[in-house]
Amino acid sequence: MNTQILQFNSKNTQLCADEILSGGLVAFPTETVYGLGANALNPEAVKKIYDAKGRPSDNPLICHIYDKAQIEQFAFITPTAEKLIDKFMPGPITIVLQKKQIVPSVVTGGLDTVGIRMPNHKCALELIRECGVPLCAPSANTSTKPSPTLAEHVLHDLDGKIKYILDGGRCSVGLESTIVDCVNNTLLRQGGTPKEEIEAVIGKLNRPIVGNVPLCPGMKYKHYSPNANVYLALPGIDMHRRIEQKYDEASGKKIILSLGGNYGDRNTYCIGNSVEEYAYNLFAQFRRLDGEGYDIIICEGVDDYGVGAALMNRIHKASGGKTI
Ligand code: TXA
Ligand code: MG
């Protein structure tokens, strides 16, 4: 199959909607990362997502909608969910609710809950509206690779596997949505909507249970990894010294990703001047450094607060837990 990148306009959106309604897959932009969409109500189409990504079939998919009124067709809305929908949708948040029967079990990996998200992105909303059905979509990367924030990243991972990539430019957030389980009042994944803002609206959230059955099946898989060895420097008074020491003792092609830090003549790239900018750039830089054959990436850590918490979570996963 020949994969084409299509600029966002109404004709191309229509082409993409036709492809989805005939059972195909289309990658599309959202404010967080690019998604790989299928008609959520067509189980055969949904199965193709798992094949294209190399994703385990017990890892459920998020259903993307364009209008809040759609939600009750697919899920039972709780009072907590109601508040989150009013306050944060459209936006980088996914709510997990008890599903209705209409949602095929292939979408939810056999769970009786479903993740619902309304992206804050014109292209995504227009595409979903044009389709007239919810689109279930994971991030449009190969499983375990950094999520795509540009159409070119999707092409790199999925070339030949899907017909169209709808190009809406660079994703403005750069990290995936925050996931809140409204059945168990639990924060399943930190993301583009800060936990503190969510808790200000619905009160304290539980943390996921780390046991045999994780509430968010995706959490048990390796994630977001570039080929290079990533090290996360934990913030603290001697962080700069620890980074310099690690850099000096590491062999291979190496780089420090800094939030405005200065490391003498060591190879350093300023990835942002705020945590938001760092988050916006992280996955794209991981992909660039892979392309340039880096062996070691040392990332400055940031405070575990707001979007910084999501950023720390992604770097931690990319590092496979290697902290300095
Ligand atoms: O920002 C985002 O959320 C992006 C864009 C494309 O919308 N999507 C995304 O999807 O990151 P994905 O599939 O890469 O990550 C979704 C996560 C997975 O870890 C999955 O296990 C979890 O959400 N998830 C989905 N449905 C769930 C459910 N019913 N219960 C618990 N976890 C769920
Ligand atoms: Mg993903």
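On a 1 Å grid laid over the protein atoms alone, a pocket is an open set of points with protein on both sides within 12 Å along at least five of seven lines, and its lining residues have an atom within 4 Å of a point. Grid points are joined across faces, edges and corners, and a volume is the space filled by probe spheres set on the points. The model described here is predicted, so local features need pLDDT of at least 70 and side-chain atom pairs count only at pLDDT 80 or more, while totals for chains, interfaces and linings use all residues. Residues are numbered from 1 along each chain as its sequence is written, and side-chain values use heavy atoms, leaving out hydrogens and water.

A good place to start is the second largest pocket, with a volume of about 190 Å³. Its lining consists of Thr 142, Lys 145, Pro 146, Glu 152, His 153, His 156, Asp 157, Asn 227, Arg 287, Asp 290 and Gly 291. Two or more of these residues come from each of helix H6 (151-158) and helix H9 (275-291), where helices (H or I, at least four residues) and strands (E, at least two) are DSSP runs numbered from the N terminus. H6 contributes the most, with four residues. Sorted by class, the lining has one nonpolar, five polar and five charged residues; here Ala, Val, Leu, Ile, Met, Phe, Trp, Tyr, Cys and Pro count as nonpolar, Asp, Glu, Lys and Arg as charged, and the others, Gly among them, as polar.

H9 deserves a closer look. Its 17 residues reach 24 Å from the first C-alpha to the last, close to the 24 Å expected at 1.5 Å a residue (1.5 Å times one less than the number of residues). A kink of about 40 degrees is centred on Leu 282, the bend being the angle between axes fitted to the seven residues ending there and the seven starting there. Leu 282 is also among the buried residues of H9, as are Arg 287 and Asp 290; buried means under 20% relative accessible area and exposed over 50%, with a 1.4 Å probe and protein chains only. The cover over these buried residues includes H6, strand E12 (229-233) and helix H10 (307-318). Just after H9, Gly 293 takes a positive phi of about 75 degrees.

Two serines round off the picture. Ser 251, in the loop between helix H8 (239-249) and E13, is exposed, with a relative accessible area of 63%. Ser 319, in the segment after H10, is buried at 2% and touches Val 230, Tyr 231 and Leu 232, not counting residues up to four places away in sequence (contact means heavy atoms within 4.5 Å).

Conventions
Chains are lettered from A and ligands numbered from 1 in the order in which they are written. On a 1 Å grid over the protein atoms alone, a cavity is a set of points where a 1.4 Å probe fits but cannot get out, and a pocket is an open set with protein on both sides within 12 Å along at least five of seven lines; lining residues have an atom within 4 Å of a point.
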